[in-house]
Amino acid sequence: YDRVLLKRMTDAIAHRGPDDEGFHIEPRVALGHRRLSIIDVAGGHQPLTNEDQSLHLVFNGEIYNHRELRAGLEARGHRFRTGSDGEVILHLYEEHGADCVAKLNGIFAWALWHPAAGELVLARDHHGVKPLYYAEASGRVLFASEIKSLLASGYVSRDLDPEAVSQYLVYQAVPSPLSILREVRQLPPGSVLVRRGGHSRVTRYWSPPPQAATTVTSE
């Protein structure tokens with residue numbers, strides 16, 4: 001993977017994270033990150049990795065229950081490298097795989113790479129507060145917090161999606177999984193994408209509970 005290309009993509013969204021940047025590049029994957037330092041300002045540089053450096057993570061957002069999760073993980077023998085809330089995702093993945101996302105309470109979008117399994121996992125929070133766009137092009141998956149980063153790669157067309165334009169004109173918004181561009185998709189809220197062996201699968205880990213029936217009485 002081309003570091004220049006990856007930096008071009010992260011530079012396109014530098015306004016989202018003006019405090020720091022980081023990269024992890026290997027033959028099958030390239031992860032880039034722009035950071036807004038909030039939790040563990042000194043030690044939260046990304047991409048994050050676990051204690052044996054067998055997993056790699058880029059993370060945007062905040063895990064509200066990270067202290068409780070961390071306490072449980074440490075009690076079960078996990079060793080943390082930083083005080084970052086995002087590091088709990090790595091250790092939860094060690095125990096539960098991609099299903100770990102269901103244990104998180106927060107607002108987040110993240111990508112985790114497991115080299116030994118050849119598995120890439122993309123996840124978005126329950127209500128879709130944090131954005132996550134992706135495109136499958138030239139045999140690869142590109143992903144980012146904003147479409148402009150995907151366009152900066154040079155692999156994604158600027159062609160509009162007519163259905164998305166129609167939805168926008170009606171609702172003043174583009175519902176997931178559509179995006180305004182034909183080749184770009186939004187990962188839906190409460191969903192996870194797992195890519196393995198050249199194939200991607202999107203599943204929901206959470207759906208809003210059905211609305212309770214309301215009974216109105218009058219006297």
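# Notebook: odd backbone spots and two side chains

I started with E183, which counts as partly exposed at 29% relative accessibility. That label fits because partly exposed covers the range between under 20% (buried) and over 50% (exposed). Note to self: this is a predicted model.

**Entry 1, more on E183.** I looked up where E183 sits, and it is in the loop between helix 5 and strand 9. Next I asked: which residues does E183 touch, skipping those up to four places away in sequence? I got Y134, A135, Y155, V156 and S157. One of these, S157, has its backbone nitrogen 3.0 Å from a polar atom of the E183 side chain. I also checked E183 against R28: they are 155 residues apart in sequence, and their C-alpha atoms are 22 Å apart in space.

**Entry 2, the same loop again.** I stayed in the loop between helix 5 and strand 9, since Q172 is found there too. Is Q172 buried or exposed? I found Q172 exposed, with a relative accessible area of 55%, and it gets that label because exposed means over 50%. Its phi caught my eye: near 60 degrees, so a positive value in a residue other than glycine. I wrote down the background: most residues other than glycine have a negative phi.

P177 is also placed in this loop, which runs between helix 5 (162-171) and strand 9 (185-186). I checked the peptide bond from S176 to P177, and it is cis, with omega near 10 degrees. Background again: most peptide bonds are trans.

**Entry 3, another cis bond and another positive phi.** Where is P47? I located P47 in the loop between strand 2 (29-35) and strand 3 (48-49). The bond leading from Q46 into P47 is cis, and I read its omega as near 5 degrees. Then I moved on to Q53, in the loop between strand 3 and strand 4 (56-63). Q53 isn't a glycine, yet its phi is positive, near 60 degrees.

**Entry 4, N65.** I found N65 in the loop between strand 4 and helix 2 (66-75). Why does N65 count as buried? Its relative accessibility is 13%, and buried means under 20%. Setting aside neighbours within four places in sequence, I listed K103, L104 and N105 as the contacts of N65. For K103 I noted the backbone oxygen, 3.1 Å from a polar atom of the N65 side chain. Last check: N65 and V202 are 137 residues apart along the chain, with 25 Å between their C-alpha atoms.

Technical notes: Residues are numbered from 1 along each chain as its sequence is written. This is a predicted model: local features need pLDDT of at least 70, side-chain atom pairs count only at pLDDT 80 or more; totals for chains, interfaces and linings use all residues. Side-chain values use heavy atoms; hydrogens and water are left out. Buried means under 20% relative accessible area, exposed over 50%, partly exposed in between (1.4 Å probe, protein chains only). Contact means heavy atoms within 4.5 Å. A polar contact is a pair of N or O atoms within 3.5 Å; within protein, one must be able to donate a hydrogen and the other to accept it, and residues adjacent in sequence count only if both atoms are side-chain atoms.
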